[in-house]
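Trainee: Please take a close look at the salt bridges in this model. I would like to follow them one by one, with the surroundings of each where possible.

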Amino acid sequence: MLRDLLIDQELFEILRTRSLESDDHGMNTTEEVELLEKAVFNRLKKKRSVKKYRKLGVTKGDLKQIIQLADIMGLDTLDGPSNYELAMEYEEWCTVCGRCCRESESVFIHKDELNLLLTFNSDLEKEIIRNKEFPQHFEIRDSHPCKFIDPDSNKCAIYTFRPQVCRNYPLTLIGSPGKAQNSIHLSSKCNYSVNLILKKSIILFDEAIRRLEG
Ligand code: SF4
Ligand code: SF4
């Protein structure tokens, strides 16, 4: 009910389906999304009490629906902060746990990054191979786990020159060239990702309540 105040149901279904279609690239798997939503729900119910709005018909189901919307919609469509702006504002939510480096399926290197990377690290040449899916680009060889992470400190051995995908995580670019947008990788094990979705959920919940009461 609350979510309907923010987005048309049909549009929501289209966006949700599209988001889960990215499964092919090892991104938002349904199982992982459910785990993330559970983690966010447990935090959100402590931040926003359903009891307070029960007279207005708000239920725990509304919280779950709002979280599903936060997964897939950028707040900039409601004149709020973009995923990028939120991620930049709350960088401290990264606990440097190193999971994203240990559990990455591949580490993408754009062809335009390669020269800079090799100029300062010519030794890396043997560690870089053509990207299997987009052969005009590259990737780190044997990146599961990434060979550049220190297993004790979680520090990256090529931190200064690390690829753009590493700098952006948990944001990931999706869409076609010219229309690409920053999406949040929905990982229940990434504190940064869980908190970004929580923050978006709080903003969306408050906006929906404002519209409900208005
Ligand atoms: S981005 Fe997430 S998974 Fe990666 S180090 Fe930070 S908290 Fe851990
Ligand atoms: S290159 Fe560095 S930041 Fe990127 S996945 Fe490997 S260890 Fe992590």
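Mentor: A residue is called exposed when its relative accessible area is over 50%, buried when the value is under 20%, and partly exposed in between. The model is a predicted one. D112 has a relative accessibility of 59%, so it counts as exposed. Its salt-bridge partner is K111, and the closest N and O atoms of the two are 3.6 Å apart. K111 falls in the middle class, because its relative accessibility is 42%.

This pair belongs to a wider set: the whole structure holds nine salt bridges. Another of them joins D71 to R16, with 3.5 Å between the closest N and O atoms. Here the partners come from distant parts of the chain, since D71 lies in helix 3 and R16 in helix 1 (residues 9–21), 55 residues apart. D71 has a relative accessibility of 5% and is therefore buried. R16, at a relative accessible area of 15%, is buried as well. The bridge is also part of something wider, a salt-bridge network that links R16, E37 and D71.

A third bridge pairs E127 with K147, whose closest N and O atoms are 2.6 Å apart. It too links distant parts of the chain: E127 sits in the loop between helix 6 (111–120) and strand 2 (128–130), while K147 sits in the loop between strand 3 (138–140) and helix 7 (164–168), 20 residues away. E127 is buried, because its relative accessible area is 19%. K147, by contrast, has a value of 34% and so is partly exposed.

D71 deserves a second look for its surroundings. The largest nonpolar core has 38 residues, and I197, L204 and F205 are the ones that touch the most other members. Two or more residues of this core are given by each of helix 2 (30–47), helix 3 (60–72), helix 4 (83–89) and helix 8 (191–213). Helix 8 supplies the largest share, 10 residues. Setting aside neighbours within four places in sequence, I197 is in contact with D71 itself, and its other contacts are L36, V40, I67, A70, I184 and L186. Apart from this core lies another, of 12 residues, including I109, L118, I128 and C146. In soluble globular proteins, nonpolar side chains tend to be buried together.

To put the bridge and the core side by side: D71 is the salt-bridge partner of R16, and D71 is also among the contacts of I197.

How values were computed
Residues are numbered from 1 along each chain as its sequence is written. Chains are lettered from A and ligands numbered from 1 in the order in which they are written. This is a predicted model: local features need pLDDT of at least 70, side-chain atom pairs count only at pLDDT 80 or more; totals for chains, interfaces and linings use all residues. Side-chain values use heavy atoms; hydrogens and water are left out. A nonpolar core is a set of buried Ala, Val, Leu, Ile, Met, Phe, Trp, Tyr and Cys residues joined through side-chain atoms within 4.5 Å. Buried means under 20% relative accessible area, exposed over 50%, partly exposed in between (1.4 Å probe, protein chains only). Helices (H or I, at least four residues) and strands (E, at least two) are DSSP runs, numbered from the N terminus. Contact means heavy atoms within 4.5 Å. A salt bridge is a side-chain nitrogen of Lys or Arg within 4 Å of a carboxyl oxygen of Asp or Glu.
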